[in-house]
Amino acid sequence: MIEPTTNELGWMLDEVLKVPDARHAILLSADGMLRAHSAHIDRDDAERLAAGLSGLQSISRSTAEFCGAPDTPWRQTLIEFGHGFVFLVAAGEGAYLAVSTSEQVDMEAVTYRMHKLVDRLGKELTSPARVDTGSRA
């Protein structure tokens, strides 16, 4: 597993940002831990956003029955702001990829690049669930 302080996958996240008007990318685990971040976002901001985006994917997943069945798998969430978008996609078991953009971005191009990155990295983007240490802390 990749140590959270190394940002070894950061350069790969920068690939998604080659789409014009894409701003930042972060890779996070289901429990909100930052796994990697793109070059132009600092670690503190990326960690704070990873925690928030973890909650967002959890809320999104809890609304599956709104699409017809409670067991419908969650794949992607899109948030629109006055000056841009946040794309959040599943990136393997317990891992998520988030990209922020301006409002002029080609949404299809960003989504395509995100999914290609997830496909390319495959196993490296997987963040397995934490193992119970047996501690009652």
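This is a short walk through the fold, the helices, the strands and the cores of the protein shown above, which is a predicted model.

Before the structure itself, a word on conventions. Local features are taken only where pLDDT is at least 70 and side-chain atom pairs only at pLDDT 80 or more, while totals for chains, interfaces and linings use all residues. Residues are numbered from 1 along each chain as its sequence is written, and side-chain values use heavy atoms, with hydrogens and water left out.

Let me start with the overall layout. The protein has three helices and five strands, and along the sequence they follow the pattern α-β-β-α-β-β-β-α; here helices (H or I, at least four residues) and strands (E, at least two) are DSSP runs, numbered from the N terminus. Of the 137 residues, 40% are buried, where buried means under 20% relative accessible area, exposed means over 50%, and partly exposed lies in between, with a 1.4 Å probe and protein chains only. The protein exposes about 8,300 Å², of which carbon and sulfur atoms supply 54%; these areas come from the Shrake-Rupley method with a 1.4 Å probe, and for residues only the protein chains shown count as cover. If we take contacts, meaning heavy atoms within 4.5 Å, between residues at least 6 apart in sequence, then 51% of them join residues at least 24 apart.

Turning to the strands, I call two of them paired if DSSP finds at least two bridges between them. Strand S1 and strand S2 (residues 34-37) pair in the antiparallel sense over three bridges, and they form a hairpin with four residues between them, in whose turn glycine 32 has a positive phi of about 90 degrees. S1 also runs antiparallel to S5, to which seven bridges join it, and in that pairing alanine 25 stands opposite valine 99 in S5. Further along the chain, strand S3 (residues 76-81) pairs with strand S4 (residues 84-90) in the antiparallel sense over six bridges; S3 and S4 form a hairpin with two residues between them, and glutamate 80 stands opposite phenylalanine 85 in S4.

How much of S1 is buried? Six of its eight residues are, so S1 is largely enclosed by the rest of the structure. One residue to look at there is isoleucine 26, which lies in strand S1 and is buried, with a relative accessible area of 3%. Isoleucine 26 stands opposite histidine 37 in S2. Leaving aside residues up to four places away in sequence, isoleucine 26 touches a set of residues including Leu13, Leu34, Leu53 and Leu97, and its C-alpha atom is separated by 7.2 Å from that of alanine 50, although the two are 24 residues apart along the chain.

Now the helices, beginning with helix H2 (residues 43-61), whose 19 residues reach 27 Å from first C-alpha to last, close to the 27 Å expected at 1.5 Å a residue; the expected span is 1.5 Å times one less than the number of residues. Its buried residues are Ala46, Ala50, Leu53, Ser54, Gln57 and Ser60. They cover an arc of only 130 degrees around the axis, which puts them on the same side of H2, the arc being that of the directions from the helix axis to the C-beta atoms. These buried residues pack against S1, S2, S3, S4 and S5, whereas the face of H2 turned away from them carries the exposed residues Asp44, Arg48 and Ile59.

For H3, the buried residues are Val110, Thr111, Met114, Leu117, Val118 and Leu121. These cover an arc of only 125 degrees around the axis, which puts them on the same side of H3. Their cover includes H1, S3, S4 and S5, and on the other side of H3, Glu108, Tyr112 and Asp119 are exposed.

Finally, the cores. By a nonpolar core I mean a set of buried Ala, Val, Leu, Ile, Met, Phe, Trp, Tyr and Cys residues joined through side-chain atoms within 4.5 Å. The largest has 23 residues, and those with the most contacts inside it are Leu13, Leu97, Val99, Val110, Met114 and Leu117. Helix H1 (10-16), strand S1 (22-29), S4, strand S5 (95-102) and helix H3 (107-121) each supply at least two residues of this core, and H3 gives the most, with five residues. Apart from this core lies another, of twelve residues, among them Leu34, Ala46, Trp74 and Ala98.
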